[in-house]
Amino acid sequence: MPRALLSFLALLLCLSLAPLAATAQNTGLKAILQQYSGEVAKPGRQTVDTLIAALVASGDAAVPAFLQNWADREVYQRRTDGEFFYAEKQGDAYALTDIATGAPAGTAPAAEIEQIRPNGGVRRTISTALVQFQLSDPNIASRIAALDAIARSPSADQIEPLRASIETEQDPGVLARKKRLDGMLTASFGTTPEARIAAIGALSSELSVDVRAVLNQILTTRAGVAESLPEGANIARVLKPGKALTEAEAYARLVSAELAQPVQSREQIKAALTANLVDGAVGGVPLGQLVSEAGRDRAYAALAAEGLVPARVTAEDRAAALASHVFYEEYAEPDAAITGAAEDALGAVRTRVGLWQAVDFGLDSLSLASIYFLAAIGLAITFGVMGVINMAHGEFIMMGAYTGYVVQQLIPDYTLSLIVALPLAFVITFAAGVAMERLVIRWLYHRPLETLLATFGISIALQQLAKNIFGTQARPLTSPHWLDGAWIINDVAGIANIRIAIFVLALVFLCLILFILNKTRIGLEVRAVTQNPGMAASMGINPDKINMLTFGLGSGIAGIAGIAIGLYAQVTSEMGGNYIVQSFMTVVVGGVGNVWGTLAGAALIGILQKGIEWMNPSNTLAAQTYMILFIILFIQVRPKGIVALKGRAAGD
Amino acid sequence: MIKAMKFSTVAALALISAGAAQAADCPIKVGVLHSLSGTMAISETTLKDTMLMLIDKQNKAGGLLGCQLEAVVKDPASDWPLFAEKARELISNDKVDVIFGSWTSASRKAVLPVIEELNALYFYPVQYEGEESSKNVFYTGAAPNQQAIPATDYFLDELGVEKFALLGTDYVYPRTTNRILEAYLKSKGIAEEDIFVNYTPFGHSDWSTIVSDVKALGADGKQVGVISTINGDANIGFYKELAAQGVSADDIPVVAFSVGEEELSGLDTSNLVGHLAAWNYFMSAEGEANAEFIKEWHAFIGDEKRVTNDPMEAHYIGFNMWVNAVTAAETTDVDAVRGHMWGQEFPNLTGGTAVMGVNHHLSKPVLIGEIRADGQFDIISSTEPVPGDAWTDYLPESAVLESDWKDLECGMYNTETKTCVQIQSNY
């Protein structure tokens, strides 16, 4: 940090000198580049400051442009003479441009020049140096870049240029951001305590990460230990040994502050005894007695009395040392009024962060629930309503996702391709479902074990087929531009747009299925056939046809779910396998044979999974294990799921 | 059945009698044990193709010891116990002379007992967590000191990262690497509460909570960096979520140890520009050897869009070293070849020379690359060749261990007690 400060002082200095220097040295930039050519070609974050300071100090008008291009990796070095140029690829060769004058400087083959690639840390230093040139730049992108740079590495000397630029700022968005940054800089580096406290107070209505960073930095503490609390120090809190910190830690602090002697370990004592072995005795204690602990203690005490070794630190010594000192944490900021204001502000911020975290948790759970719902709703129809255990359900999801991928290859416009892909995925998986029902499942009704094995086999076959056609690489299913990004409420709560879209899609399908099952003739027939096929048949319903259509419908929805899942995760031949277990759990927990049950099941599993993840953030795998445990227990209590069908509809 | 057994006995007898006269039985068989299906297929299929290309090239150049090479490919289907079974099949039934295989450490650990029992030769091409040195395995990928430690140094020195999120898939490689990194970071003065660790299952896709957690780490004003040991196709969801939540490399840089050109080819990388990866090879490395290798690869696979990556280079080096060692030994006998592998040298594709050490690890340069919009990497840092260290210096229990199969004849030698802890690597 001090080095950054120094370089900034240099920057400021040169700003005032700039008009003078610019006329005096026209070759300044190039001369400096040659002087520091090694650093220009291979810059390092910790060493680049001198070079940047020299560049800025030169006042050459071409420096800002050079810094920008350098960071953008448009500067090249010619191998033959080590000169630097801007270069642009033209065919096989590069067209060179002079750095100082901007005039064309001939061409060079690719082998003769080398691109210079400053790393991320160096680029950050460069963008910090560029701030002063960019704050009032007519180009709004440069101004925003300057504000980003300030936000990333705030320092005291940025306040003045920032304030100066606020007066001339026209764009309301940038102006608001500049004012906000000004507030944050004032809170950290303001000249008077009053100004800082006012700025800190203003921050308490925020909750973003960078504001919390500012407040936390003001509240940085360092550990201290002394015989009594130092006068005039801004004490954060006093720590009691044995409570806030263990006695061993407290004593270690005393030792490192050189207020107490370190406790000798057994090995150290042994080494000291060995070192002072004289004529077969140590401190007058014969060697034979040294085998016992008491003997060694006596020998060591004798050595200590002679002053040959440091005195033994006993438990009493330690207790006395701990009692006679105070342990505390001291704010780095000496002004108690400022730290008090920052504590208050941070307290207010923390409460609000907590509230918004709950909102974020809700959004995440809702999103996960809607994904599970979408993946499971097709299964809710085939397994829930028809009672067919379809292990290939996940592969219908995969089929839908690959349909989306293929359509994207044919129609480059992502929005249009999505509009085409959704119904197409439905049609294809509907057809696949119907084919599977006709060819396999209808021969196996009421034989669940055979169905399970047969569909499992189909699932493996479909996976291998996908591998043969599309390869093993994950295929991109890119979402349209308007689905990129996220709905960011604030720095704590936010949700990716794609997840909102999935949520909406899940809602649409919930309504659609409810409508089909409850309000249409085919829905009536489906319910009739599943409740009593014989009776339904004698009423003039063709159970064969209804079974086929129902199975097709369930599969078709899985296909659409596949597109949704592919948009936010990966399209691979195994993607179905990731969802089949969750889907079955959702249906079983929710209650077989009921769309509302699936909804309840998805909500329960989604919230539960997020809840466990939240409690145990370091191990997402554990979350899934606990969840399965919970579900097993849940099924013991409610074997028929959350929404259990009653009466004849239950089918038993 | 009985007839077949009789026949095979006769054949075996005939082979034994012939073996005395001939140095090697033609054709020389090379086992290829990479998953062609399952979650690791995304990475491993390419390595199978690489091996076929290398063997094809060697055959066109006249084979080895006057014999043609024959590839025997098995698909262990990303199923770790199946790796052991298929390895046994390769050695006992197919009588291969060497096996090139595995991606995940879990699969290598599964294979170890088999190849040590049957004294076979195994080349493992992927960066891994170290803490191992088997008599029968040559590790041509990077050990932690050739990838994880230099990348962490880069984070500390060049990017000024003060708070670390170690995200990994839940299996042996990420867990061991993160344990080493935690010890290393603490030795560099990073406090325990500034290290956030998370493990997710293979194929994990719901990354929103974890990415928000990582973003929230910056609340105390420290620079946050992510070290990712996420493996397989879970990476796609992870990077998509990073992009969706607007995490730019300038705010929170991510360095990945298992994401290379191949993995990125399944992604739209425009939002990932500036994130990092650490490897010993990048396709974008300039040089004639690399250009030649890429050309051969494109010609072999018949697709100009296919990329090359680090484990491919590892197989390239490993295979050529094996060929040279066999040529020098004039036999494919495992013990003789092993003797000639120590000190074997072969030029890297990125320049310089790789040397096989007596601890069965290579010395290679470490490269750090930034992701470009076209899915390739800009190499922004490269070191001198670093010898691979089988036992890390940053865990107290491993710091005292050493591996030297030449003089000490031990892969787990305790330098304090001056004894060989054990020969077998069933730890």
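This report walks through some surface, charge and backbone features of the structure above. Keep in mind that the model is predicted.

**The nonpolar patch on chain A**

Let's start on the outside. L366(A), F503(A), V504(A), L507(A) and V508(A) together make a nonpolar surface patch of about 400 Å². Most of that comes from one element: helix α20 of chain A, residues 497-519, gives the most to the patch, with 4 residues. L507(A) is one of the patch residues, and it sits in helix α20 of chain A. Its relative accessibility is 42%, so L507(A) counts as partly exposed.

**R124(A), a buried arginine without a salt bridge**

Now for a charged side chain in a buried spot. R124(A) belongs to helix α6 of chain A, which covers residues 120-134. This arginine is buried, yet it has no salt bridge. How far away is the nearest side chain of opposite charge? That side chain is D250(B), and it is 5.9 Å away. A salt bridge needs the side-chain nitrogen within 4 Å of a carboxyl oxygen, so at 5.9 Å the D250(B) side chain does not qualify as a partner for R124(A).

R124(A) does have a polar partner, though: its side chain is joined to that of Q223(B) by a polar contact of 2.7 Å. Leaving out residues up to four places away in sequence, R124(A) touches R152(A) and S153(A) on chain A, plus L159(B), Q223(B) and D250(B) on chain B. D250(B) therefore turns up twice, as a residue touched by R124(A) and as the nearest side chain of opposite charge, with the cut-off of 4 Å explaining why no salt bridge is counted.

**Salt bridges on chain B**

In general, side chains of opposite charge can pair when their charged atoms come close. Over all chains, the structure holds 46 salt bridges. Here are three of them, with the N to O distance for each pair.

| Acidic residue | Basic residue | N to O distance |
|---|---|---|
| E192(B) | K186(B) | 3.6 Å |
| D335(B) | R338(B) | 2.5 Å |
| D374(B) | R372(B) | 3.3 Å |

How do the partners sit relative to the surface? In the first pair, E192(B) is exposed because its relative accessible area is 52%, while K186(B), at 37%, counts as partly exposed.

The second pair lies within a single helix. D335(B) and R338(B) are both in helix α12 of chain B, residues 334-341, and they are 3 residues apart, about one turn of the helix. Is each partner buried or exposed? D335(B) is partly exposed at 39% relative accessibility, whereas R338(B) is buried at 5%.

In the third pair, D374(B) is exposed with a relative accessible area of 54%, and R372(B) is partly exposed with 25%. This pair is also part of a wider arrangement: R73(A), R117(A), R123(A), E370(B), R372(B), D374(B) and D378(B) are linked in a network of salt bridges.

**Two helix residues on chain A**

A275(A) and S583(A) are worth setting side by side. A275(A) lies in helix α13 of chain A, residues 266-275, and its relative accessible area of 64% makes it exposed. Its C-alpha atom is 52 Å from that of G121(A), a residue 154 places away along the chain.

S583(A) is in helix α24 of chain A, which runs over residues 575-590. With a relative accessible area of 1%, S583(A) is buried. Which residues does S583(A) touch, not counting those up to four places away in sequence? They are A375(A), A376(A) and L379(A).

**Positive phi in two loops of chain B**

Most residues other than glycine have a negative phi. Two chain B residues depart from that pattern. E330(B) has a positive phi of about 60° although it is not a glycine, and K418(B) has one of about 55°, again without being a glycine.

Where are they? E330(B) is in the loop between α11 (310-329) and α12 of chain B. K418(B) is in the loop between β18 (410-414) and β19 (419-420) of chain B. As for accessibility, E330(B) is exposed at 55%, and K418(B) is exposed with a relative accessible area of 56%.

Terms used. Residues numbered from 1 in each chain as written. Chains lettered and ligands numbered in written order. Predicted model: local features only at pLDDT ≥ 70, side-chain atom pairs only at ≥ 80, totals over all residues. Heavy atoms only, no water. Patch = residues over 30% accessible without salt bridge, like charges linked within 9 Å, V, L, I, M, F, W, Y side chains within 5 Å. Areas by Shrake-Rupley, 256 points an atom, 1.4 Å probe, with all protein chains shown as cover. Buried < 20%, exposed > 50% of the residue type's maximum accessible area, 1.4 Å probe, protein only. Lys, Arg positive; Asp, Glu negative; His and termini not counted. Polar contact = N/O pair within 3.5 Å; in protein donor to acceptor, adjacent residues only side chain to side chain. Contact = heavy atoms within 4.5 Å.
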